[in-house]
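Trainee: I have a model open and would like to learn how to read buried residues and strands in it. Could you walk me through it?

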Amino acid sequence: MRSFTLVIALLLLVVSAGAAFAADRAEIVAEREAVDALRLNQLQFVGTHNSYHVRPPEKSLQAAISLRSEAKEWDYSHAPLDVQLDRGVRSFELDMHYKQGEFAVFHVPFLDSGSTCPKLADALSTVRAWSDKHPDHLPISFLCELKSEGPRLDRTIKEVDAEGFTKLDAAIRAAFPDKHLLTPDDVRGSEETLRAAVQKHGWPKVAESRGRVFFILHDAGKQRALYTAEHPSQRGRAMFVRSDDSREDCAIMVLDNPGAPAIGEMVNRGYIVRTRADSGLKVQGKNAPARRDVALASGAHIVSTDFPAGEADAKTGYVVEFPDGAAARVNPVNGPEALRGKTVEK
């Protein structure tokens, strides 16, 4: 009789534990459904500045500092892109040089050329491989900057031309076919302009954006003019462009001062905004954490840093990350009030 009672008790315990697990599981699913119902521009991500960067050797660094005082800001290395993704980073900045018909990824010719992905193809294939292993991931963005000083320092580097931009779009599409790539055409839909689309309808929902990447040309001058020529609102283009509210192609802005009042205003108008939590490796004293906190509170969708998860400053412990290694959180400015600031698991 006693053994029968024990068996019944154990069965009840198993059933109770199963019910509790099911309840917990239901709660997780409900949270996922709430996040998937949000628009892409209702999330906030951490990105890295010069995401490819590898610290120059000591002798090279000191020589560079003797030539250019700003070279002291080159004294850092980032983990490979896939490692950064594992740690929760979801936005990358790539400095590129149009060299011998290809796009090389590094900072400054000869002086600061260390890179975890020396060619754009290396960066794209690394992220694509990681994406294939994590097909449900939140969207990943790339800020692509074609450095202007390259042609002045290295004769093999040329200024990008129309053919070069055609090659760049082709390289992006080769690495990320349509179902993996979020393009201006996807966001614009039936509207005439990107600006009208994001203001009237917003960005695609998170559920539609999972497993995808998008690219931004980080230029507001002649490169942007060349890239958008004959492509109003980037029709047919693979990349968005850095823009402003006066332009019809406006969907994404770069406002690197996190204290700029315009950030909150632009976020509420529907634009995606990138800002910087820190600059020039300046993390000593109280100003660095203060700037980071302002950046996170600003509502900027991409908060860029030189000190992401796993790469905290050795002296101060300064780091920019979300709690528990989260890949994103609900935007503190334009997210639903009940969810604002809550972290997102993937």
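Mentor: Happy to! Let's begin with one term: a residue counts as buried when its relative accessible area is under 20%. Keep in mind that this is a predicted model. Buried residues make up 50% of the 346 residues in the chain, which has twelve helices and twelve strands.

Trainee: Let me try the term on one residue. Is Glu93 buried or exposed?

Mentor: Glu93 has a relative accessible area of 4%, so it is buried. You will find Glu93 in strand E2, residues 91-99.

Trainee: What does the side chain of Glu93 make a polar contact with?

Mentor: Its partner is the side chain of Arg274, at 2.8 Å. Beyond four places in sequence, Glu93 also touches several other residues, among them Thr48, His49, Glu145 and His218.

Trainee: Now to strands. How should I think about the two sides of one?

Mentor: The general idea is that in a regular strand the side chains alternate between the two faces of the sheet. Take E9, residues 272-276, where five of five residues are buried. One side of E9 carries Ile272, Arg274 and Arg276, the other Val273 and Thr275, and both faces are covered.

Trainee: Which strands does E9 pair with?

Mentor: E8, residues 252-254, runs parallel to E9 and is joined to it by three bridges. Within that pairing, Ile252 has Ile272 as its bridge partner. Between the two strands the chain passes through helix H11, residues 262-269, in a right-handed β-α-β crossover. E9 is also joined by three bridges to E10, residues 302-305, again in parallel. There, Arg274 stands opposite Ile302.

Trainee: What about a buried charge: how do I check it for a salt bridge?

Mentor: Look for a side-chain nitrogen of Lys or Arg within 4 Å of a carboxyl oxygen of Asp or Glu. Asp306, in the loop between E10 and E11, makes a good exercise. Asp306 is buried, and its nearest side chain of opposite charge, Arg276, is 4.1 Å away.

Trainee: So 4.1 Å misses the 4 Å cut-off, and Asp306 has no salt bridge. Which side chain does Asp306 make a polar contact with?

Mentor: That of His49, at 2.9 Å. Leaving aside neighbours within four places in sequence, the contacts of Asp306 include Tyr76, His78, Asp278 and Glu311 as well as His49 and Arg276.

Trainee: And how do contacts look over the whole chain?

Mentor: Of the contacts with a separation of 6 or more, 70% are between residues 24 or more positions apart.

Definitions and conventions
Residues are numbered from 1 along each chain as its sequence is written. This is a predicted model: local features need pLDDT of at least 70, side-chain atom pairs count only at pLDDT 80 or more; totals for chains, interfaces and linings use all residues. Side-chain values use heavy atoms; hydrogens and water are left out. Buried means under 20% relative accessible area, exposed over 50%, partly exposed in between (1.4 Å probe, protein chains only). Helices (H or I, at least four residues) and strands (E, at least two) are DSSP runs, numbered from the N terminus. Two strands pair if DSSP finds at least two bridges between them. A crossover is right-handed if, with the strands pointing away from the viewer, the path from the first strand over the helix to the second runs clockwise. Lys and Arg count as positive and Asp and Glu as negative; His and the chain ends are not counted. A polar contact is a pair of N or O atoms within 3.5 Å; within protein, one must be able to donate a hydrogen and the other to accept it, and residues adjacent in sequence count only if both atoms are side-chain atoms. Contact means heavy atoms within 4.5 Å.
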